[in-house]
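Let's take a walk through this protein together, one part at a time. Have the sequence and the 3D view open as you read.

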Amino acid sequence: MTTYATLAQEARAHWAALHERPWIRVGTAICGKAAGAQEVLHALRRAVERRGIPATVTPVGCIGLCFAEPLVDIQKPGRPRIFYQKVTPHLAATLVEDYLLQDNPRPDLALGTLGGRVEGIAPLEEHPAWKPQVRIATRNCGTVEPANLAHYIANGGYQGLAKALTEMKPAQVIEEVTKSGLRGRGGAAFSTGAKWNFLARAPGPVKYILVNCEEGDPGAFNDKGILESDPFTLIEGCTIAGYATGATKGYVFIRHGHEGPITFTRKAIQEAYKAGLLGKNILGSAFSFDMEVALTGESYVSGEETALMEAIEGKRAMPRSRPPFPAQVGLWGKPSNINNVKTLSYVPEVVARGGAWFASIGTEKSKGTAIVCLSGQVARPGWYEVPFGLTLRRVVEDIGGGTGTGRPVKLLQTGGPLGGVLGAERLDIALDFDGMAQAGAIFGSGGIIVADTATCAVDLVRNLVAFCQFESCGKCFPCRLGFTHMLEVLDRIAAGQGRPSDLEAMRTIGQAMSLGSLCGHGQLGFNPVHSALRFCAEDFRIHLEERRCPTGACEPRLSLPKRTRPEPVGGWYARHSYAHH
Ligand code: SF4
């Protein structure tokens, strides 16, 4: 029988051995690869081999500082990690010569250190993009090799599950999660403890935990980031959720084409099975739990929880009418809970360190941290885990470094295409589920797209509406026709041919969508237009009255919806069927 103590002992020994020789870690998540990290990884391996240096070179995930990719850190035995940004293959070979052979850490090339000081290099903890962070769900990202179980356990992994199985009844786990104040990070911000309670109380021997990594929002990449950097934290969280609710199986639902998250999550699940952390009688307990990865097709709406279940069942991803709710009738007709990747990734630490610890971070109603994805016109794009309560200004200006274009911020587009637009005058509101909703936008799953004054709000909004129109599943007509109609009106305004009645027409359409649509896609569909009218009314006025675009961004063309992802490769659906149940 595998015990946690044995696993932890072996993992710590493995981790200690890694630190007995120089260790080079290369960020090879999607952001790193896009910047050339794979070539840097090969160059480092070649340089180390050519010079006969006994160093370990390991690909790791993303530490969140995407602006610095390709990011390499080198740690000599007993010394801090030194991070080097925007490393090229040539620079990689230079670092091997200078630091590993000559012991010159090249302060002129370094971004910062972690775990101690090196003369001439500022600690990363003092860097404006790192300083405000409190890393809980992302604590291992960029530090461990993804899907390496020993790395995960050596850094405190599976303490939460071991504690839950040996010291807590399922109801106590739910109580601890409820006490933590953890709310769903997928957009709805519902209490996770309350949600688990519904499932725990549902009758029947078969129940499911569904993990949502559809993550189709433009500007959101934190779910994918966790899965391709540290998938075990999600797997452990999902297993704890299974124990707490009496669920028998977990499905991790990942969008087709997200190869890094799919590969690493599958590999990590296999490793967990091998170590007795999934399957029958986990860690020698009476609790058994299975997990697998299920793939979605090409639909943004399949991120909606009931559409997600339809997709796993192999049907077209269209939302179901509710009631019945998933906690009563979910996947394959069995009680189910749908949780976002981020939500479950907090759970191991919440259980290991206690709900009160988690609740001590953040604001009164938004506990813990927010994992913010910064993109758009921002100097330091990346994903950052910060306590709730930080102002948007600190996120955008301190962490993100401002627009980086020399022009001031005009607006933030938050919470995905259905979230909304916030004007620059709202930069001093706190990052908070409820505060942002009151201000006219939503936090959603953490995407913040920054736009400077060269952006036209009409152009931005019609692109958002075009995305939503294309992604509408078409099941109900207020959404299907509402987006189409709204896009026609926006195209007309953008082309300088708007009518005086157009704004009122869009309000009427938006109201019908909100009242008559079956799911959030249509119900929230007016949000981008509504919020842009509130914060950027001048852009609409200039288009309507002066018949011109204030920034020149609107071209006289129709923004017909475009495909948002690659064409399916012949037969992929058959190869990735959802027939395992
Ligand atoms: S609101 Fe839109 S996405 Fe949702 S079911 Fe209706 S048509 Fe489909």
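Isoleucine 24 stands opposite valine 57, a residue of strand S2. Keep in mind that you're looking at a predicted model. A second bridge into S2 links valine 26 with proline 59. These pairs belong to a parallel match between strand S1 (residues 23-27) and S2, which is made over five bridges.

Now zoom out a little. The sheet here is an open one with five strands, in the order S2-S1-S3-S4-S5, and its pairing is mixed. S2 and strand S5 (110-114) are at the edges with a single partner strand each, so one side of each has no neighbour in the sheet. Going from one strand to the next, the twist averages 20 degrees.

Is S2, out at an edge, enclosed or open to the outside? Four of the five residues of S2 (residues 56-60) are buried, so the strand is largely enclosed by the rest of the structure. Buried, by the way, means under 20% relative accessible area.

Next, find strand S9. All five of its residues (336-340) are buried, so S9 too is largely enclosed by the rest of the structure. Here's a handy rule: side chains in a regular strand alternate between the two faces of the sheet. In S9, both faces are covered, and this is how the buried residues split up:

| Side of S9 | Buried residues |
|---|---|
| One side | Ser336, Ile338, Asn340 |
| The other side | Asn337, Asn339 |

Which strand is joined to S9? That's strand S6 (residues 208-213), which runs parallel to S9 and is joined to it by five bridges. Tyrosine 208 stands opposite serine 336 of S9.

On to a helix. Valine 529 is part of helix H21 (residues 527-535). How buried is valine 529? Its relative accessible area is 0%, so valine 529 counts as buried. From valine 529 to glutamine 133 there are 396 residues in sequence, and the C-alpha to C-alpha distance in space is 32 Å.

Last stop: the ligand. Where does the ligand sit? You'll find it in the largest cavity. There are 13 residues around the ligand, and the ones that come nearest are Cys473, Lys475, Cys476, Cys479 and Cys519. Sorted by character, the shell around the ligand has seven nonpolar residues, five polar ones and one charged.

Notes:
Residues are numbered from 1 along each chain as its sequence is written. This is a predicted model: local features need pLDDT of at least 70, side-chain atom pairs count only at pLDDT 80 or more; totals for chains, interfaces and linings use all residues. Side-chain values use heavy atoms; hydrogens and water are left out. A residue is near a molecule or strand if one of its heavy atoms lies within 4 Å of it. On a 1 Å grid over the protein atoms alone, a cavity is a set of points where a 1.4 Å probe fits but cannot get out, and a pocket is an open set with protein on both sides within 12 Å along at least five of seven lines; lining residues have an atom within 4 Å of a point. A molecule sits in a cavity or pocket if more than half of its atoms lie within 2 Å of its grid points. Ala, Val, Leu, Ile, Met, Phe, Trp, Tyr, Cys and Pro count as nonpolar, Asp, Glu, Lys and Arg as charged, and the others, Gly among them, as polar. Buried means under 20% relative accessible area, exposed over 50%, partly exposed in between (1.4 Å probe, protein chains only). Helices (H or I, at least four residues) and strands (E, at least two) are DSSP runs, numbered from the N terminus. Two strands pair if DSSP finds at least two bridges between them. Axes are lines fitted to C-alpha atoms, for helices over the stretch in contact, and angles run from 0 to 180 degrees between N-to-C directions.
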